[in-house]
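Here are a few exercises to work through with the model open beside you. Try each task before reading its solution.

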Amino acid sequence: MSVVLEAMMLLLPREAGGRSEPVSPRDGSYRPFVRHGERIVRARVFEGPPRLAPGDGARVMVELEADLDSASRGADLDLLERDERLVGVMTILRICRSPLSV
């Protein structure tokens, strides 16, 4: 079962070990991992600004491949890329555990 989060996503600046290139949240191609405690889950960012550069933050919608049972509103999730490199942080604003109606 996938879970959808509304979250504030902050990408670390390049100088702090973050990404060197911006991401495009709206096109759904940015697929980082998120970590809460010891649990790591694949994510897909599918809504937000057209472009989000390192050092910037924005409100985004994220689909998780599995539920983070212990995560709740206000929790911070580490945003990870290859080799579990920390590239940002997401703060959960809202959790949707049931299908969204369109």
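**Exercise 1: A residue in its surroundings**

Leu 80 has a relative accessibility of 1%, so this residue counts as buried. Keep in mind that the model is a predicted one.

Task: find the strand that holds Leu 80, and list which residues Leu 80 touches beyond four places away in sequence.

Solution, step by step:
- Start with the strand: Leu 80 belongs to S5, which covers residues 76-81.
- Next, collect the contacts, leaving out residues up to four places away in sequence: Leu 80 touches Pro 32, Phe 33, Arg 35, Ile 40, Arg 85, Leu 86 and Val 87.
- Finally, try a residue further along: Arg 97 is 17 residues from Leu 80 in sequence, and their C-alpha atoms are 22 Å apart in space.

**Exercise 2: The partners of S6**

Task: work out how many bridges join S5 to S6, and how many join S1 to S6.

Solution, step by step:
- Take S5 and S6: the two run antiparallel and are joined by 6 bridges. Within this pairing, Glu 81 stands opposite Arg 85.
- Look at the connection: S5 and S6 make a hairpin with 3 residues between them, and Asp 83 in the turn has a positive phi of about 55 degrees.
- Now turn to S1 (residues 3-11): 8 bridges join this strand to S6 (residues 85-96), again in an antiparallel arrangement. One place to check is Val 4, whose bridge partner in S6 is Cys 96.

**Exercise 3: Following the charges**

Task: the structure holds 8 salt bridges. Which side chain meets Glu 81 at 2.5 Å, N to O, and which parts of the chain does that pair tie together?

Solution, step by step:
- Recall the principle: side chains of opposite charge can pair when their charged atoms come close.
- Identify the partner: Arg 19 and Glu 81 form a salt bridge through their side chains, at 2.5 Å from N to O.
- Place both ends: Arg 19 sits in the loop between S1 and S2 (33-36) and Glu 81 in S5, so the pair ties together parts 62 residues apart in sequence.
- Check the burial: with a relative accessible area of 11%, Glu 81 is buried, and Arg 19 is buried too.
- Look for another partner of Glu 81: Arg 85 also forms a salt bridge with Glu 81, with the closest N and O atoms 3.6 Å apart. Arg 85 is partly exposed, at a relative accessible area of 28%.

Note on methods: Residues numbered from 1 in each chain as written. Predicted model: local features only at pLDDT ≥ 70, side-chain atom pairs only at ≥ 80, totals over all residues. Heavy atoms only, no water. Helix = DSSP H or I, 4+ residues; strand = E, 2+ residues; numbered from the N terminus. Buried < 20%, exposed > 50% of the residue type's maximum accessible area, 1.4 Å probe, protein only. Contact = heavy atoms within 4.5 Å. Pairing = 2+ DSSP bridges. Salt bridge = Lys/Arg side-chain N within 4 Å of Asp/Glu carboxyl O.
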